[in-house]
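Here's a quick briefing to read with the structure open beside you. Take it a topic at a time.

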Amino acid sequence: KSINKNSSIKLIILGLDREVFYSKSDYQSDLEDDILPFRIAEVSFSMSRRIYLDYFSKKYSLINLIQKSEVSNNIGVSALLKDDGFRYDGSYKYGSAMDSKDRKEYLFLKTKEKVNKIKNNNFDYEQDRIYLERNFEVLRSIIKLCKERNIEIVGFITPYPSDIYNAISENDNNFKYFSESLVDIFEDNKLAIFDFSDIKNFGGKDTEFVDEVHGTDGMYLKIMIFMTKKSSILNKYVNLDNLKNLLKNTEGDFLNIR
């Protein structure tokens with residue numbers, strides 16, 4: 001409800017991450033505060049605490065932050081100090097990954113670890129279903145609010161490396177229900193949704209990830225092009241030719257935007 005009735009926001013592209021909608025496999029609490037918005041707030045508080053601990057440990061200074069902010073468009077402590085974080089336009093720069101010669105080897109190892117974790121995980125399907133239903137209601141509330149504010153929404157289910165997607169599909173009995181429920185919610189509200197959990201759906205590559213869950217600039221550029229081609233809503237806001245040229249002229253998996 002914090003979106004003002006006179007807000008200038010016209011469109012929200014909503015990433016629907018399975019990890020956010022699910023409870024952690026070892027999390028057994030039934031508290032109402034454990035649903036989606038409260039878990040996000042908890043993570044934010046934890047990150048803020050680390051910032052203060054780093055400051056008092058003299059890992060950075062306020063003077064250093066001020067100097068960096070005067071010559072950078074980055075936002076946030078990590079982004080300013082390490083050139084690794086959010087840019088002024090809302091995009092995220094993986095500075096350390098861009099410069100790493102071992103990124104794909106690291107990606108392979110993280111993917112393998114994630115696959116093993118999934119295969120050895122004893123899913124609590126009933127508990128997961130409870131969290132899913134609660135968070136689906138939160139999503140419905142978000143959609144309702146956007147409609148009241150005349151904000152258009154396009155949703156997409158976030159991608160996984162192929163091995164992780166296959167492991168989840170084979171081991172999590174709720175995964176199909178998760179995807180189908182999101183599609184139903186969006187279609188019931190006459191909204192567009194894209195399921196990119198399988199990267200074959202948009203022509204993605206396993207090497208186009210930063211780690212086991214985060215895609216590179218190149219991957220999300222492909223996703224944006226794919227959605228814009230299919231969505232009349234996005235076509236009103238997005239210059240498809242510019243995106244195609246950006247992809248064509250980009251070397252590697254990252255956009256080196258300052």
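Two residues count as in contact when they have heavy atoms within 4.5 Å of each other. With that in hand, take helix α8: its buried residues pack against α1, α6 and α9. Keep in mind that this is a predicted model.

**The chain overall**

- You'll find 12 helices and six strands in the chain.
- Of the 258 residues, 39% are buried.
- Among contacts in the chain with a separation of 6 or more, 71% come from residues 24 or more positions apart.

**Helix α8**

- The buried residues here are Ser162, Ile164, Tyr165, Ala167 and Ile168.
- As a general point, an α-helix has 3.6 residues a turn, so residues three or four places apart point the same way.

**The largest nonpolar core**

- This core has 28 residues, and the ones touching the most other members are Leu16, Phe21, Leu139, Phe178, Leu182 and Phe186.
- Helices α6 (103-119), α7 (125-148), α8 (162-171) and α9 (175-188), along with strand β5, each put in at least two residues.
- The top contributor is α7, which gives six residues.
- Leucine 16 has plenty of company: leaving aside neighbours within four places in sequence, its contacts are Phe21, Leu139, Gly155, Phe156, Ile157, Thr158, Phe178, Leu182, Phe186 and Ile193.
- Another core, of 19 residues, lies apart from this one, and its members include Met219, Met227, Ile233 and Leu243.

**Helix α10**

- Is α10 mostly covered or mostly open? It's mostly covered, with 10 of its 14 residues buried.
- Those buried residues are Asp217, Gly218, Met219, Leu221, Lys222, Ile223, Met224, Ile225, Met227 and Thr228.
- The length of α10 (residues 217-230) checks out, because 14 residues at 1.5 Å a residue should span 20 Å and the end C-alpha atoms are 20 Å apart.

**Aromatic pairs**

- How many aromatic pairs are there? With ring centres within 6.5 Å as the cut-off, the count comes to 13.
- One of them joins phenylalanine 156 and tyrosine 220, edge-to-face, at 6.2 Å centre to centre and with 65° between the planes.
- That pair links distant parts of the chain, since phenylalanine 156 belongs to strand β5 (residues 152-157) and tyrosine 220 to helix α10, 64 residues apart.
- Phenylalanine 156 has a relative accessible area of 9%, so it counts as buried, while tyrosine 220, at 26%, is partly exposed.
- Phenylalanine 196 and phenylalanine 202 also pair edge-to-face, with centres 5.2 Å apart and 75° between the planes.
- Both rings of that pair belong to buried residues: phenylalanine 196 has a relative accessible area of 1%, and phenylalanine 202 has 9%.
- Ring pairs also tie Phe21, Tyr22, Phe136, Tyr165, Phe175, Tyr177 and Phe178 together into a cluster.

**Charges over rings**

- Which ring does the charged end of arginine 18 sit over? That of tyrosine 22, at 4.4 Å from the ring centre.
- Arginine 134 lies over the face of tyrosine 131, 5.7 Å from the ring centre.

**Glutamate 19**

- This residue is part of helix α1 (residues 18-21).
- Why is glutamate 19 classed as partly exposed? Because its relative accessible area is 33%, which falls between the 20% and 50% cut-offs.
- Its side chain makes a polar contact with the side chain of arginine 18, at 3.4 Å.
- Glutamate 19 and threonine 158 are 139 residues apart along the chain, and their C-alpha atoms are separated by 9.8 Å.

**Cysteine 146**

- Cysteine 146 sits in helix α7.
- Is cysteine 146 buried or exposed? It counts as buried, because its relative accessibility is 1% and the cut-off for buried is under 20%.
- Leaving aside neighbours within four places in sequence, cysteine 146 is in contact with Ile12, Ile151 and Ile153.
- The C-alpha atoms of cysteine 146 and lysine 5 are separated by 9.8 Å, with their positions 141 residues apart along the chain.

How values were computed:
Residues numbered from 1 in each chain as written. Predicted model: local features only at pLDDT ≥ 70, side-chain atom pairs only at ≥ 80, totals over all residues. Heavy atoms only, no water. Helix = DSSP H or I, 4+ residues; strand = E, 2+ residues; numbered from the N terminus. Expected span 1.5 Å × (residues − 1). Buried < 20%, exposed > 50% of the residue type's maximum accessible area, 1.4 Å probe, protein only. Phe/Tyr/Trp six-rings, centres within 6.5 Å; stacked < 30°, edge-to-face > 60°. Lys NZ or Arg CZ within 6 Å of the ring centre and 35° of its normal. Core = buried A, V, L, I, M, F, W, Y, C linked by side-chain atoms within 4.5 Å. Polar contact = N/O pair within 3.5 Å; in protein donor to acceptor, adjacent residues only side chain to side chain.
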